Amino acid sequence: MTTPGLDLDKLVNQPENWNFSDARQLYAGVDLGTYKAITIIIDETGKPRAARMRRAKVVRSGLIVDYAGAQNIVSEMIKEMRAASQLPIEKGATSYPPQTEYANIDATRYILEGVGLEVLNVLDEPTAANQILKLENGAIVDVGVGTTGIAVIKDGKIVFADDEATGGVHLSLVLAGNYKISYEEAEEVKIDHQKSHEILPIVRPVIEKIASIVDACLQQFNDLTEVCLVGGTCELEGFTEIVQKALSIKTFRPEFPQFTTPLGIALSCLDENGGHS
Ligand SMILES: Nc1ncnc2c1ncn2[C@@H]1O[C@H](COP(=O)(O)OP(=O)(O)OP(=O)(O)O)[C@@H](O)[C@H]1O
Ligand SMILES: [Mg+2]
């Protein structure tokens, strides 16, 4: 499957490739995760123009635990992008994990407002991802750091959402133990695409465990046609195939699984303006 915004990997943290020329309007999608904060700027047609991603420790299990830190990171990213663009960046959107809405929804909104963005949308993460995936009857499984979000979609609407306490952290812990290295070193090994082949047998049982947790959650839905994997952990080569085998249902991932939600957040600004579907 191809995600709109093919050039995202060339834009993220590569300001030399940011290009705002000919844009008529710019919108910011801001995603504050446990692992990283990311801002994607799109134009009025939905084309990504710039993107900045930074490792951040301001959110834990979907909740903002360092409000000032989160404010600083978003402020620095937006300032840098404004400095690079002739057009103003005045409007944006953000998201929250399902089930944290009451605690988080205002905090994320205030962070955007604090950098002078008019907030067009604060939407839940699977709804944001489905702006791009456009599933009608399926499930979106978002495998992040410490949590895996599971959302079931029927007739294009989310009918069930759950967050399970499993994710990339468990892969890194197993790698750290296996290689007798620190957690941070294990993170480096895990995200090195050239090492996928070597590490897959080591983390396979962890992936199978994640898949069994997802499977247990999806058991009650017997007419699902497909499962789409998003989130950083799904970047691991071989991850999708192991999950598909365990679920026995068509399972796929979009081209840039860790950018699906943030790009969807940005695209939601166009819905609010009635300009894009
Ligand atoms: N190339 C990669 N291969 C394997 N794992 C990866 C890769 N890139 C990132 N990850 C892992 O993905 C996880 C982060 O996922 P993601 O970016 O979706 O999280 P987040 O949205 O910031 O956090 P969360 O959704 O848990 O709040 C981390 O555990 C990280 O190690
Ligand atoms: Mg996330």
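## Burial and contacts

Let's start with the core: in this predicted model, buried residues account for 45% of the 277 residues in the protein chain. Burial here means having 20 or more other C-beta atoms within 10 Å of a residue's own.

Contacts tell a story about sequence distance too. Take the contacts in the protein chain with a separation of 6 or more: 66% of them link residues 24 or more positions apart.

## Overall build

The protein chain is put together from 9 helices and 12 strands. Its radius of gyration comes out at 18 Å, close to the 19 Å that the globule rule gives for 277 residues, so the chain is as compact as a globular protein of that length. If you lay the C-alpha trace along its principal axes, it spans about 50 × 45 × 35 Å.

## Around ligand 1

Now for the ligand. Ligand 1 has 22 residues around it, and the closest are Gly 33, Tyr 35, Gly 144, Gly 168 and Gly 232. By character, the shell splits into 12 polar, 6 nonpolar and 4 charged residues. Glycine is counted with the polar group in that tally.

Where does the shell come from? Both domain 1 (8-130 + 258-272) and domain 2 (134-252) put in at least three residues each. As for secondary structure, helix 5 (168-179) and helix 6 (183-191) each give at least two residues to the shell around ligand 1. Helix 6 has the largest share, with 3 residues.

Conventions
Residues are numbered from 1 along each chain as its sequence is written. Chains are lettered from A and ligands numbered from 1 in the order in which they are written. This is a predicted model: local features need pLDDT of at least 70, side-chain atom pairs count only at pLDDT 80 or more; totals for chains, interfaces and linings use all residues. A residue is near a molecule or strand if its C-beta atom, placed from the backbone, lies within 6 Å of it. Helices (H or I, at least four residues) and strands (E, at least two) are DSSP runs, numbered from the N terminus. Domain bounds come from an automatic or database domain assignment. The radius of gyration is taken over C-alpha atoms; the globule rule is 2.2 Å times the number of residues to the power 0.38. A residue is buried if 20 or more other C-beta atoms lie within 10 Å of its own, exposed if 12 or fewer, and partly exposed in between; C-beta atoms are placed from the backbone. Two residues are in contact if their C-beta atoms, placed from the backbone, lie within 7 Å.
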